[in-house]
Amino acid sequence: MPDPLPPFVLKNEETFAILDSRGEICPDLQHEAGIFHRGTRHVSRLQVLLWGRPPLVLSSTELGAVGVLVSHLSNNDGGANGSPAMTVHLERSTVLTATACLQQFCFTSYGDRRVAMPLTLRLDADFRDIFEVRGYTRAERGRTVRRGVDDSLELIYGGLDGEDRVTVLRLSDPVQDVGVEHIGLEMTLEPRQTRRLFLVLDFHPLAVPLAAEDHYNAAMAATIQRFREARRSAASVVSDNPAFNSWLMRSFSDVHLLASQVEDGLYPYAGVPWFSCPFGRDGLITARQMLMVEPRLARGVLGYLASSQAAVDDPAHDQQPGKILHESRLGEMAALGEVPFSRYYGAVDSTPLFLMLAGAYLRRSDDRDFIAGLLPELQAAMAWIHRAEASSADGFLRYLRVAENGLRNQGWKDSDDSIHHTDGRLAEGSIALCEVQAYAYGARRAFASILHRLGRPAEAEGLQEEAAALRHRFHRAFWSPSIDSYALAIDGDGEPCRVRSSNAGHCLWTGIASTEAAAAVARQLMAPTSFNGWGVRTLDERESRYNPMSYHNGSVWPHDNALIGMGLARYGHRSETLQILTGLFEAASAVPMFQLPELFCGFQRREEEGPTFYPVACSPQAWASASVFGLLEAITGMAIEREHGSSRVQVRLHNPCLPRGLNMLDINGLRLGDEEINLQFHRSDHDVGVMVRGRSPGVDVLIMK
């Protein structure tokens, strides 16, 4: 019987779990479920049987604030020698470490006599690479050995890459039965007494393993501390709307659930299940959206991407010196080169986004020593942009796949059919995307601001002049009066793709659009043919390739909407930004646990119906979770400015506003380098006021209306 609840997701570093409401994995019902470690599925089946039957589900909750899954279960009928149904309660808690999955079973019998309960755990590990689970086929695989050893069950896969991958199942109690796919014991339950059992699934077993109970307790304490530290380090955002607060809490927790520790901080992995690894574009945009409340993410993302920046030409991985990573994968297929993604650089936008985030982070944090330390990587990134533009006939930043198995399209809409002409023809040759030119503009301005802060004004002035020239050329080449918007792209023959798309909204985000063009783009994006009631579609329904069930040609992506909303607010279109925020909030309120997925279908909103799900969307997805924080930055109109040569920081609030249903918004503990400020936004009959509830001496506040 299919699970009535959506799958639950836990993650810790390079390990993530997709579990059903029992805290189990049943491959017959959900093929992508499992526990994955370093890009490989280490557990493909995990089921508990009480008296030979699966337990009933009473309830199941993912405690997002602490990264734990708790399932409440009960026994089915135990037969003539067992307990009647619904007399044994099982509370099952699941937590991950970086290398293991731990579960605590708390059994309580509510029968009137002692019972001997046979318990069987079924286990399997197919050791499939994440790309195999996703649907890739392989000509050859390694060999798996299964064996029972004393009180444990071991599964060992010898990979074709020479690496052994291991899963070991252990219990805290002695077992009576160990087979190649199960382990069993009999538990004695006294009336009204609770008995605990601990399970360990270990992927890097120690020579002398921790006791199962100690391992579980240590994992639980570390996980609680991890999420507690995340909340303590970030600004808190609280409103007077309980549902909105639930969305905020869920979103913040999901970003940190997906975040892994790197040398300079935290890196938000893109999403579970298909993208649980570092993605350049996703990490950069997530960190930018979270920058107002959690600048640690930006530091981690910038440091990691700087350390993995391309240094050589490698066509097999679309790699060129100075280019910023697209994605980095672990796993057997990546190690063997069966997919090119061990370190893959096929993204045209990661490099300018890297420069944009560096500039925004410096303004936000005043972390000059860190940014100065990245100066060689920032210069290399700018040099790559210059070389790439110089190599194209029109001087725009373009992409063209070189790697045989690489991505055909290398912007954020990277599916094969996402870049096309108005008649549906796919764009061919090297492609210049409209939003990528906007990012190149933003990159110049951001790097110029960095150089000014680092005392290099002449270089900064040169980049500002380049940005101004690019802005002029961009509008002349990309503006399309026939659609009253920017063309989606210009193909290799110089022909514009005159298609109404959400990409044009990103041009507002960086400021490359003229005031008149921004107003026209705003009208087009918020028209009923584009805005479906939940958000802006990736493609207007008037376009030939529009399909609300497609990945990029008519669906709604929360992160896309957040960047559009930030762009609209930049040009003063606050009501449109509020409309986007309201649509996404109402979408979040209609999905389980307020967890916005990677995308959802673009069907027009109907009364008494929620958004239509896209069947293989990642959830959680980092940039979808972060979208609410980018939109909050937009509606508060917050901008951080620092005077050159001064230690003072100015918080500018441009025409702040609040959506319907929010009458108060508190932002506390907003750290600005060594300074800090607490703000409250409150709605009156005709306006939104701002109260500065506390600030350190080096902060000035300017409210502009």
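**Sheet**

I started with strands β10 and β15 in this predicted model. β10 covers residues 115-124 and β15 covers 182-189; they run antiparallel, and I find 8 bridges joining them. I picked out one bridge to look at: Val 115 is partnered by Leu 189 in β15.

Next I traced the sheet these two belong to. It is open and has 4 strands, in the order β5-β10-β15-β14, with antiparallel pairing. At the edges I have β5 (45-50) and β14 (177-178), each of which pairs on one side only. Note to self: strands of a sheet pair through backbone hydrogen bonds.

**Largest pocket**

I then looked up the largest pocket, which holds about 1,200 Å³ of space. I get 36 residues in its lining, and those nearest the centre are Arg 288, Arg 363, Arg 570, Ala 639 and Glu 641. Among the elements that give two or more residues to the lining are helices α4 (280-289), α7 (350-365) and α14 (558-570), along with strands β27 (638-642) and β28 (649-654).

Which element gives the most to this lining? I have α10 down for that, with 7 residues. By type, I sorted the lining into 16 nonpolar, 8 polar and 12 charged residues.

**Aromatic pairs**

I have 24 aromatic pairs for the structure. I opened the one between Phe 16 and Phe 36: it is stacked, with 4.7 Å centre to centre and 10 degrees between the planes. Phe 16 sits in β2 (residues 15-19) and Phe 36 in β3 (residues 34-37), so this pair ties together parts 20 residues apart in sequence. Are these two rings buried or exposed? Phe 16 has 6% relative accessibility, and the cut-off for buried is under 20%, so I count Phe 16 as buried. Phe 36 is buried as well, at 1% relative accessible area.

I compared that with Tyr 439 and Trp 509, which form an edge-to-face pair, 6.0 Å centre to centre and 85 degrees between the planes. Tyr 439 is in helix α10 and Trp 509 in helix α12, so I note a link between distant parts of the chain, 70 residues apart. I checked burial here too: Tyr 439 and Trp 509 are both buried.

**Cluster and charges over rings**

I found one aromatic cluster formed by Phe 396, Phe 474, Phe 478, Trp 479 and Tyr 486. Over the ring of Phe 396 I see the charged end of Arg 473, 4.9 Å from the ring centre. Last one I looked up: Arg 605 lies over the face of Trp 534, at 3.9 Å from the ring centre.

Terms used
Residues are numbered from 1 along each chain as its sequence is written. This is a predicted model: local features need pLDDT of at least 70, side-chain atom pairs count only at pLDDT 80 or more; totals for chains, interfaces and linings use all residues. Side-chain values use heavy atoms; hydrogens and water are left out. Two strands pair if DSSP finds at least two bridges between them. On a 1 Å grid over the protein atoms alone, a cavity is a set of points where a 1.4 Å probe fits but cannot get out, and a pocket is an open set with protein on both sides within 12 Å along at least five of seven lines; lining residues have an atom within 4 Å of a point. Grid points are joined across faces, edges and corners, and a volume is the space filled by probe spheres set on the points. Ala, Val, Leu, Ile, Met, Phe, Trp, Tyr, Cys and Pro count as nonpolar, Asp, Glu, Lys and Arg as charged, and the others, Gly among them, as polar. Rings of Phe, Tyr and Trp (its six-membered ring) pair if their centres lie within 6.5 Å; planes under 30 degrees apart count as stacked, over 60 as edge-to-face and the rest as tilted. Buried means under 20% relative accessible area, exposed over 50%, partly exposed in between (1.4 Å probe, protein chains only). A charge sits over a ring if NZ of Lys or CZ of Arg is within 6 Å of the ring centre and within 35 degrees of the ring normal.
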